[in-house]
Amino acid sequence: EFKVEDLFHSLNYLFNNEVQLRKIEINIDINPNNLTITADRKLIEQVMINLIKNGIEALEYTPNPIIKLKAFFDEIGRVIISIADNGTGIDETIVDDIFIPFFTTKEEGSGIGLSFSRQVMRMHGGDVKVNSEFGKGSVFVLTF
């Protein structure tokens with residue numbers, strides 16, 4: 001068991017230099033402040049790193065770039081973590097393919113990050129989903 005606040009702050013620290021260089025604002029919202037998750041912290045941290053990296057890449061040409069990390073309970077008491085960006089969004093013609101192993105739109109991409117993230121979340125009895133609007137941004141939602 002670990003505090004989501006500790007996870008978010010360590011991720012914020014990890015990406016601090018990169019987001020400052022790129023002038024990306026990071027917003028953190030945790031409700032309640034003492035929200036905890038029972039999971040393998042290192043694996044969940046790796047999932048979050050993948051999603052934040054993707055968000056940073058999606059923000060490359062975005063004015064006023066923002067990444068929002070949010071954690072809360074849903075209406076039936078599950079912990080939800082969302083990672084949102086106001087970047088380019090994902091083209092609707094490929095949004096269903098992004099979790100397929102080895103599918104990538106990046107020249108240097110391996111196509112492993114999102115399929116790995118879904119596998120980790122399923123191992124924890126949860127899931128990862130995406131809501132995206134091309135040209136407006138994406139929200140990845142982790143459900144525990």
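Helix α1 passes helix α2 in a right-handed crossing. The model described here is predicted. In it, α2 also passes α3, there in a left-handed crossing. A search of the whole structure finds one cavity of 30 Å³ or more, and helix α1 supplies the largest share of the lining of the largest cavity, three residues.

**Packing of α1 against α2**

- The axes of α1 and α2 cross at roughly 35 degrees and come within 11 Å.
- On the α1 side, the contact is made by D6, L7, F8, S10, L11, L14, F15, E18 and V19.
- The α2 side of this contact consists of R41, I44, E45, M48, I49, I52, K53 and I56.
- Sorted by class, the contact of α1 with α2 has eleven nonpolar, five charged and one polar residues.

**Packing of α2 against α3**

- The axes of α2 and α3 cross at roughly 145 degrees and come within 9 Å.
- Helix α2 contributes L43, I44, Q46, V47, N50, L51 and N54 to the contact.
- Helix α3 contributes G113, L114, F116, S117, V120, M121 and M123.
- No charged residues occur in the contact of α2 with α3, which has nine nonpolar and five polar residues.
- Residue I44 of α2 takes part in the contact with α1 and also in the contact with α3.

**Surroundings of α3**

- Helix α3 spans residues 113–123, and its buried residues are L114, S115, S117, V120 and M121.
- The cover over these buried residues includes α2 (41–58) together with β6 (127–133) and β7 (137–143).
- Of the buried residues of α3, L114, S117, V120 and M121 are among those in the contact with α2.
- G125 follows α3 and has a positive phi, near 75 degrees.

**The largest cavity**

- The largest cavity holds about 30 Å³ of space.
- Its lining is formed by L11, N12, F15, I26, I52 and L69.
- By class, five of the lining residues are nonpolar and one is polar, with no charged residues.
- Helix α1, the source of three lining residues, covers residues 4–21.
- Among the lining residues of the cavity are L11, F15 and I52; L11 and F15 of α1 and I52 of α2 also belong to the contact between these two helices.

**Strand residues and their contacts across the chain**

- V79 is placed in strand β5, which comprises residues 79–85.
- With a relative accessible area of 9%, V79 counts as buried, because buried means under 20%.
- Leaving aside residues up to four places away in sequence, V79 touches L35, T36, I37, F72, F73, L142, T143 and F144.
- One of these partners, T143, lies 64 residues from V79 along the chain, and the C-alpha atoms of the two are separated by 6.1 Å.
- K3 belongs to strand β1, residues 2–3.
- K3 has a relative accessible area of 37% and is partly exposed.
- Again leaving aside residues up to four places away in sequence, K3 touches L35 and T36.
- The C-alpha atoms of K3 and T36 are separated by 4.3 Å, with the two residues 33 apart along the chain.
- L35 and T36 are thus named among the partners of V79 and as the partners of K3.

**Backbone features in the loops**

- The peptide bond from N31 to P32 is cis, and its omega is near 0 degrees.
- P32 is located in the loop between β2 (25–31) and β3 (36–37).
- K23, a residue other than glycine, has a positive phi near 55 degrees.
- The position of K23 is in the loop between α1 and β2.
- K23 is exposed because its relative accessible area is 67%, where exposed means over 50%.
- N64 is not a glycine either, yet its phi is positive, about 50 degrees.
- The loop between α2 and β4 (66–73) contains N64.
- N64 is exposed, with a relative accessible area of 64%.

Conventions
Residues are numbered from 1 along each chain as its sequence is written. This is a predicted model: local features need pLDDT of at least 70, side-chain atom pairs count only at pLDDT 80 or more; totals for chains, interfaces and linings use all residues. Side-chain values use heavy atoms; hydrogens and water are left out. Buried means under 20% relative accessible area, exposed over 50%, partly exposed in between (1.4 Å probe, protein chains only). Helices (H or I, at least four residues) and strands (E, at least two) are DSSP runs, numbered from the N terminus. Contact means heavy atoms within 4.5 Å. On a 1 Å grid over the protein atoms alone, a cavity is a set of points where a 1.4 Å probe fits but cannot get out, and a pocket is an open set with protein on both sides within 12 Å along at least five of seven lines; lining residues have an atom within 4 Å of a point. Grid points are joined across faces, edges and corners, and a volume is the space filled by probe spheres set on the points. Ala, Val, Leu, Ile, Met, Phe, Trp, Tyr, Cys and Pro count as nonpolar, Asp, Glu, Lys and Arg as charged, and the others, Gly among them, as polar. Axes are lines fitted to C-alpha atoms, for helices over the stretch in contact, and angles run from 0 to 180 degrees between N-to-C directions. A crossing is left-handed if the near helix is turned anticlockwise from the far one by less than a right angle, and right-handed if clockwise.
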